[in-house]
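Reader: I'm new to this and keep tripping over the labels people put on residues. Could you walk me through how they are earned?

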Amino acid sequence: MSNQSNPHSRGCFITVEGTEGVGKTTNIAWIRQCLTSYGIDPVMTREPGGTNLSEEIRALLLEPREEPMAEMTELLLIFAARAQHLARKIVPALDQGQWVLCDRFTDATYAYQGGGRSLDKSTISHLETLVQADLRPDLVLILDIEPEIGLQRARQRGEPDRFEQETLQFFRRVRAAYQERASQDPTRYLLIDAGQSLDKVQHQIQTGMAAFMSRRLAT
Ligand code: Z5A
């Protein structure tokens with residue numbers, strides 16, 4: 001499976017996705033621990049961001065500002081940050097045979113800019129091909145939760161960023177877009193019910209990772 005989706009087949013590319021406050025940060029640490037139990041020490045990274053320049057673009061994207069950011073500006077900044085991240089960090093790591101564990105990637109673009117902002121999917125797909133060529137994640141874990149619960153968790157953390165100021169309707173569209181992507185490719189996508197208690201969420205992740213690892217080790 002991984003050889004079809006990831007031309008840098010010596011390494012493995014895993015991404016973690018979900019709506020606001022779904023518990024990505026908490027569970028990425030757990031996914032790393034699962035990988036460590038297989039003797040794998042993944043490169044940890046995130047989007048937007050992952051390199052100095054891409055982190056600067058992230059700051060531009062997240063900061064609330066008086067001048068509203070045009071949707072196309074947002075989309076192009078996200079892919080600009082991604083191009084830099086791929087060139088400087090992700091692709092070199094995969095080419096060296098390393099595993100990469102990334103907090104968000106292009107599924108977030110389909111969910112937030114495609115679902116949330118209602119931008120045309122074919123525009124996103126065109127940019128995806130331009131920036132990534134054939135590179136796609138080998139495994140995408142989508143943490144799924146009712147947006148109301150995620151927003152409650154996230155808003156306890158302090159000042160909301162530009163995305164966190166969006167409406168509940170926006171996050172409902174984001175969630176629906178993630179669910180649709182997961183349903184289209186159940187082998188490459190793992191949809192996790194993140195509304196459960198943390199130990200149940202982690203159990204579900206561990207089971208899914210074990211199934212992925214046995215498929216991966218069999219190829
Ligand atoms: N974005 C985009 O629009 N397009 C793109 O292509 C990309 C990104 C790549 C920044 O992402 C923004 O970029 C993002 C979309 C946009 N904005 N939004 N929304 P980010 O990943 O940095 O931002 P984030 O979604 O706000 O992630 P976060 O702040 O790191 O939240 P989280 O990692 O999902 O949640 P957490 O900090 O792990 O958990 C939140 C709280 O819930 C915390 O107190 C936990 O202890 C608690 N928690 C976690 N799990 C549980 C369970 N199971 N039960 C109870 N409590 C729990």
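**Labels and the values behind them**

Author: Sure, let's start with S118, which has a relative accessible area of 52% and is exposed. Keep in mind that this is a predicted model.

Reader: Why is S118 called exposed?

Author: The label exposed needs a relative accessible area over 50%. S118 has 52%, so it counts as exposed.

Reader: Where does S118 sit, and what makes its phi stand out?

Author: S118 is in the loop between α5 and α6 (121–132). Its phi is near 60°, a positive value, and the residue is something other than glycine. Also, from C-alpha to C-alpha, S118 and A176 are 12 Å apart in space, while 58 residues separate them in sequence.

Reader: Is R104 buried or exposed, and how do you know?

Author: Buried is the word for anything under 20%. R104 has 13% relative accessibility, so it counts as buried. You'll find R104 in the loop between β3 and α5, and its phi is positive too, near 75°, again in a residue other than glycine.

Reader: And what makes R162 count as buried?

Author: Use the cut-off of under 20% again. R162 comes out at 11% relative accessibility, so it is buried. R162 belongs to the loop between α7 (147–155) and α8 (168–184).

Reader: What does the side chain of R162 lie 2.7 Å from?

Author: A polar atom of that side chain is 2.7 Å from the backbone oxygen of L61.

Reader: On to the ligand. How do you know that T26 has a polar side-chain atom close enough to the ligand for a polar contact?

Author: A polar contact is a pair of N or O atoms within 3.5 Å. An N or O atom in the side chain of T26 is 2.7 Å from an oxygen atom of the ligand, so the pair passes. T109 has a polar side-chain atom 2.6 Å from a ligand oxygen atom, and R153 has one 3.2 Å from a ligand nitrogen atom.

Reader: How much of the ligand does the protein bury?

Author: On its own, the ligand exposes 1100 Å², and the protein buries 82% of that.

Reader: Where does the ligand sit, and which elements give two or more residues to its shell?

Author: It sits in the largest pocket. The elements are α2 (24–36), α3 (52–62), α4 (71–95), α5 (106–116) and α9 (198–218). α5 gives the most, with four residues. There are 30 residues around the ligand, and the closest are E20, K24, T25, R58 and R104.

Reader: How do you know that β2 and β3 pair?

Author: Pairing takes at least two bridges. Four bridges join β2 to strand β3 (residues 99–103), so the two pair, and they run parallel. One bridge partner is C102 in β3, which goes with T45.

Reader: Which residues make up the covered face of β2, and which the uncovered one?

Author: In strand β2 (residues 43–46), V43 and T45 are on the covered face, with M44 and R46 on the uncovered one. Why the zigzag? In a regular strand, side chains alternate between the two faces of the sheet.

Reader: What kind of peptide bond joins E47 and P48?

Author: A cis one, with omega about -10°. P48 is in the loop between β2 and α3.

Definitions and conventions:
Residues are numbered from 1 along each chain as its sequence is written. This is a predicted model: local features need pLDDT of at least 70, side-chain atom pairs count only at pLDDT 80 or more; totals for chains, interfaces and linings use all residues. Side-chain values use heavy atoms; hydrogens and water are left out. Buried means under 20% relative accessible area, exposed over 50%, partly exposed in between (1.4 Å probe, protein chains only). A residue is near a molecule or strand if one of its heavy atoms lies within 4 Å of it. A polar contact is a pair of N or O atoms within 3.5 Å; within protein, one must be able to donate a hydrogen and the other to accept it, and residues adjacent in sequence count only if both atoms are side-chain atoms. Accessible areas come from the Shrake-Rupley method with a 1.4 Å probe; for residues, only the protein chains shown count as cover. On a 1 Å grid over the protein atoms alone, a cavity is a set of points where a 1.4 Å probe fits but cannot get out, and a pocket is an open set with protein on both sides within 12 Å along at least five of seven lines; lining residues have an atom within 4 Å of a point. A molecule sits in a cavity or pocket if more than half of its atoms lie within 2 Å of its grid points.
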